[in-house]
Amino acid sequence: DFDRAAEAGQNAHRLSVEWSRIQPAPDRWDEDALERYRVMLRGLKERGITPMVTLHHFSDPLWLEEVSGWETEAVAAAFEKFVRKTVEALKEYCTLWCTINEPNGYATLGYLFGVFPPGKKDLKASFKVLENIVRAHAAAYHAIHEIQPEARVGMAHHYRGMTPNSASPLDKWVRDLQFHLLNAVIPLALKNGILRLPFGRVRISQAAKTQDYFGLNYYTRYRVAFDPRLPGQVFGRQFLPKGADISPTDQAFTIANEAEGFYESIKWSVRAFPNMPIIISENGTYDSEDTFRRRYLAQHIHQMWRA
């Protein structure tokens with residue numbers, strides 16, 4: 001795989017390590033798993049490909065889930081312990097780290113909408129998970145810089161493009177509310193150390209200024225309409241634009257080719273984090289026929305060039 005990537009001119013590669021492989025039990029480490037990752041990273045370096053390692057990408061060890069996982073503040077210390085072990089083992093080959101992938105997606109899909117494990121539909125629990133993720137990221141950020149001062153550390157943020165469905169004040173209000181909750185809460189907490197939630201704010205001072213780059217994941221843009229029947233979805237329906245150029249519909253996650261939304265996401269990132277490097281950490285689409293995907297990639301790359 002790395003040979004093919006190098007032959008195609010790929011000069012950077014993002015991959016994730018698996019917490020449960022490296023730490024299969026709270027008191028046990030798998031050195032063979034760490035060596036396997038060292039071999040992979042060494043292979044990238046030998047091919048002139050810069051690795052970016054993601055330390056948490058949605059999945060958790062079962063032993064962590066058995067003690068309430070990300071709903072308990074103890075997870076920050078557990079995550080820091082795992083990060084220290086992993087970074088110490090891999091630091092020879094990597095200086096670019098992503099602590100947590102799409103924390104907003106993890107908290108909402110797993111604890112609000114119930115479609116990711118652990119399958120809960122609990123607004124309060126989702127907010128607690130967001131808080132604990134910020135604490136865990138902050139602990140990991142400081143630990144990595146202690147081990148490797150030259151490291152660059154950040155997150156990969158899922159940015160969901162949103163526009164009001166109409167000129168209605170209610171559509172605009174619910175769009176702004178959902179935009180803040182999904183797109184802004186976590187990144188701004190890593191900027192100023194304050195987690196601003198609808199029912200109050202949580203001060204996490206150790207999280208302030210814990211991004212060396214802004215990691216941006218963008219796929220598509222939705223219309224948002226006010227709907228009082230959906231309190232569990234923050235009183236708003238999200239749907240793809242009518243008549244949009246969409247991905248093949250044989251998958252659960254349909255993507256509309258909304259390249260203009262990619263431009264808007266970059267513009268928002270620049271304004272929210274002036275003078276901070278931006279890394280596009282995810283963008284793209286599936287397409288077995290490779291027709292929609294070609295349009296999608298070409299148009300999104302053009303919007304990045306425009307930005």
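**Notebook: loops, pockets and rings**

**Entry 1. Unusual backbone positions**

I began with Phe58, which I located in the loop between strand E2 (50-56) and helix H4 (62-65). I note at the outset that the model is predicted. The phi of Phe58 is positive, about 80 degrees, although Phe58 is not a glycine. I recorded this because most residues other than glycine have a negative phi. Is Phe58 buried, partly exposed or exposed? Its relative accessibility is 24%, so I entered Phe58 as partly exposed, since the partly exposed class lies between 20% and 50%.

I then turned to Ser68, in the loop between H4 and helix H5 (74-90). Ser68 also has a positive phi of about 80 degrees and is not a glycine. With a relative accessible area of 40%, Ser68 is partly exposed.

Next I looked up the peptide bond from Pro117 to Pro118, and I found it to be cis, with omega near 5 degrees. I marked the bond because most peptide bonds are trans. Pro118 belongs to the loop between H6 and H7.

**Entry 2. The largest pocket**

I then looked for empty space. Rolling a probe the size of a water molecule over the atoms shows where such space is left. The largest pocket holds about 930 Å³. Its lining has 34 residues, and those closest to the pocket centre are Thr108, Leu109, Phe113, Arg160 and Leu182.

Which elements give two or more residues to this lining? I listed helix H6 (103-111), helix H7 (123-147), strand E4 (152-164), helix H8 (169-192), strand E7 (214-226) and strand E8 (236-239). H8 gives the most, with five residues. I also sorted the lining of the largest pocket by class and obtained 22 nonpolar, eight polar and four charged residues.

I returned to Arg160, one of the residues closest to the centre of the largest pocket. The charged end of Arg160 sits over the ring of Tyr222, at 4.2 Å from the ring centre.

**Entry 3. The second largest pocket**

The second largest pocket has a volume of about 280 Å³. I found its lining to be Phe262, Ile280, Glu282, Asn283, Gly284, Thr285, Arg293, Leu297, His300, Ile301 and Met304. Strand E9 (278-282) and helix H10 (292-306) are the elements that each give two or more residues to the lining. How many residues come from H10? H10 supplies five, the largest share. By class, I counted five nonpolar, four polar and two charged residues in the lining of the second largest pocket.

I stayed with H10 to look up Gln303, which lies in this helix. Gln303 has a relative accessible area of 11%, so I entered it as buried; the limit for buried is under 20%. Leaving out residues up to four places away in sequence, Gln303 touches Ala259, Glu260, Phe262 and Tyr263. Phe262 is also among the lining residues of the second largest pocket. As for Tyr263, I noted that Arg306 lies over its face, at 3.5 Å from the ring centre.

**Entry 4. Aromatic pairs**

I counted 19 aromatic pairs. Why is the pair of Trp173 and Phe226 classed as it is? The ring centres are 6.2 Å apart and the planes stand at 65 degrees, so the pair is edge-to-face; planes over 60 degrees apart fall in that class. Trp173 lies in helix H8 and Phe226 in strand E7, so the pair ties together parts that are 53 residues apart in sequence. Trp173 is partly exposed, with a relative accessible area of 43%. Phe226, at 26% relative accessibility, is partly exposed as well.

I then looked at Trp268 and Phe273, which form an edge-to-face pair with 6.3 Å from centre to centre and 80 degrees between the planes. Are these two residues buried or exposed? Trp268 has a relative accessibility of 18% and counts as buried. Phe273, at 4%, also counts as buried.

Last, I traced a cluster in which ring pairs link Trp19, Trp63, Trp70, Phe79, Phe82, Tyr106 and Tyr111.

Definitions and conventions
Residues numbered from 1 in each chain as written. Predicted model: local features only at pLDDT ≥ 70, side-chain atom pairs only at ≥ 80, totals over all residues. Heavy atoms only, no water. 1 Å grid on protein atoms, 1.4 Å probe; cavity = no way out; pocket = protein on both sides within 12 Å on 5 of 7 lines; lining within 4 Å. Points joined across faces, edges and corners; volume = space filled by probe spheres on them. Helix = DSSP H or I, 4+ residues; strand = E, 2+ residues; numbered from the N terminus. Nonpolar A, V, L, I, M, F, W, Y, C, P; charged D, E, K, R; others polar. Phe/Tyr/Trp six-rings, centres within 6.5 Å; stacked < 30°, edge-to-face > 60°. Buried < 20%, exposed > 50% of the residue type's maximum accessible area, 1.4 Å probe, protein only. Lys NZ or Arg CZ within 6 Å of the ring centre and 35° of its normal. Contact = heavy atoms within 4.5 Å.
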